[in-house]
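This report describes a single protein chain, beginning with its charged side chains and ending with its surface. The sequence and the structure are shown below.

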Amino acid sequence: MKSAIIATIIGSAASFAPVPVAKTVTSLNAFEDEIGALPPTGFWDPAGLSDGISQEKFDAYRAAELKHGRVAQMAVLGYIAPETYRFGYDLTPDGAISTNDIPNGIAAINAIPFLGWAQIVAFVGCVEVYGWFTAPAGVLELPDDILAKRQTAELQHGRLASK
């Protein structure tokens, strides 16, 4: 009787043991070694956008994700910063509108004059065309391990900001 109980216990414990699975390359894990794939999920693509695509297409998707993440981070910063700090300078030469007069949030859209929006669009356009705010080579010159860590952090921050 005791041996039957012990055999039952051992058999039930063995049912929870992990089973080794052969690792094959599929479309789900073809890019699992890319930067941004983190445990426990690894490479996560629930929409299947990477199914059967080339490395060049994946790189284009990653560039779009980085750009979207950077815009989302700036939007979060632009929403939080006016709550904590105001620059306090005049937006117009005659002093009619100051940064202290601009409300926070969505209300700021109607409070900013047309020439203010023109300046914002011109600045963003110059950044896009001339590529300011990058290292001279276009990328940071860091050791590979530190660069990979920072690139992963940037992807994660962009993903968080876009939620």
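## Salt bridges

Helix α2 holds both E65 and R62, which sit three residues apart, about one turn of the helix. An α-helix has 3.6 residues a turn, so residues three or four places apart point the same way. In this predicted model, the side chains of E65 and R62 meet in a salt bridge, with N and O 3.1 Å apart. R62 is buried, its relative accessible area being 13%, whereas E65 is partly exposed at 26%.

E65 also forms a salt bridge with R159, where the closest N and O atoms are 2.6 Å apart. Because R159 belongs to helix α5 and E65 to helix α2, this pair ties together parts that are 94 residues apart in sequence. R159 is partly exposed, with a relative accessible area of 25%. R62, E65 and R159 are thus linked in a network of salt bridges.

The whole structure contains three salt bridges. One of them joins the side chains of R70 and E154, at 2.5 Å from N to O. Here too the partners come from separate helices: R70 lies in α2 and E154 in α5, so the pair ties together parts that are 84 residues apart in sequence. Both ends are partly exposed, R70 with a relative accessible area of 44% and E154 with 24%.

## Helix α2 and the overall fold

The chain has five helices and zero strands, and along the sequence these follow the pattern α-α-α-α-α. For α2, with 30 residues, a rise of 1.5 Å a residue gives an expected span of 44 Å; the end C-alpha atoms are 43 Å apart, which agrees. The buried residues of this helix are F58, R62, G69 and A72. Helix α5 (144-161) is included in what covers them.

Of the 163 residues in the chain, 13% count as buried. The accessible surface comes to about 12,900 Å², and carbon and sulfur atoms account for 66% of that area. Among contacts between residues at least 6 apart in sequence, 43% join residues at least 24 apart.

## Aromatic pairs

How many aromatic pairs does the structure contain? The count comes to three. The rings of F31 and F58 have centres 4.2 Å apart and planes at 5°; that angle is under 30 degrees, so the pair is stacked. This pair links distant parts of the chain, since F31 lies in the loop between α1 (2-14) and α2 (55-84), while F58 is in helix α2, 27 residues away. Both F31 and F58 are buried.

The rings of F87 and Y89 have centres 6.3 Å apart and planes at 50°, so this pair is tilted. F87 is exposed, with a relative accessible area of 63%, and Y89 is partly exposed at 46%. Ring pairs link Y85, F87 and Y89 into a cluster.

## Surroundings of T99

T99 is found in the loop between α2 and α3 (108-111). Is T99 buried or exposed? With a relative accessible area of 11%, T99 falls under the 20% limit and is therefore buried.

Apart from neighbours within four places in sequence, T99 is in contact with R86, F87, G88, Y89 and L91. Two of the residues in this list, F87 and Y89, also belong to the aromatic cluster with Y85.

## Nonpolar surface patch

Which residues make the nonpolar patch on the surface? The patch is formed by I106, I109, W117, I120, F123 and V124, and covers about 580 Å². Helix α4 (residues 114-130) supplies the largest share, four residues.

W117 is placed in helix α4. With a relative accessible area of 34%, W117 is partly exposed. This value also lies over the 30% that a residue needs to be counted in a patch.

Note on methods. Residues are numbered from 1 along each chain as its sequence is written. This is a predicted model: local features need pLDDT of at least 70, side-chain atom pairs count only at pLDDT 80 or more; totals for chains, interfaces and linings use all residues. Side-chain values use heavy atoms; hydrogens and water are left out. Patches are made of residues with over 30% relative accessible area and no salt bridge: like charges are joined within 9 Å, nonpolar side chains (Val, Leu, Ile, Met, Phe, Trp, Tyr) within 5 Å. Accessible areas come from the Shrake-Rupley method with a 1.4 Å probe; for residues, only the protein chains shown count as cover. A salt bridge is a side-chain nitrogen of Lys or Arg within 4 Å of a carboxyl oxygen of Asp or Glu. Helices (H or I, at least four residues) and strands (E, at least two) are DSSP runs, numbered from the N terminus. Buried means under 20% relative accessible area, exposed over 50%, partly exposed in between (1.4 Å probe, protein chains only). Rings of Phe, Tyr and Trp (its six-membered ring) pair if their centres lie within 6.5 Å; planes under 30 degrees apart count as stacked, over 60 as edge-to-face and the rest as tilted. Contact means heavy atoms within 4.5 Å. The expected span of a helix is 1.5 Å times one less than its number of residues.
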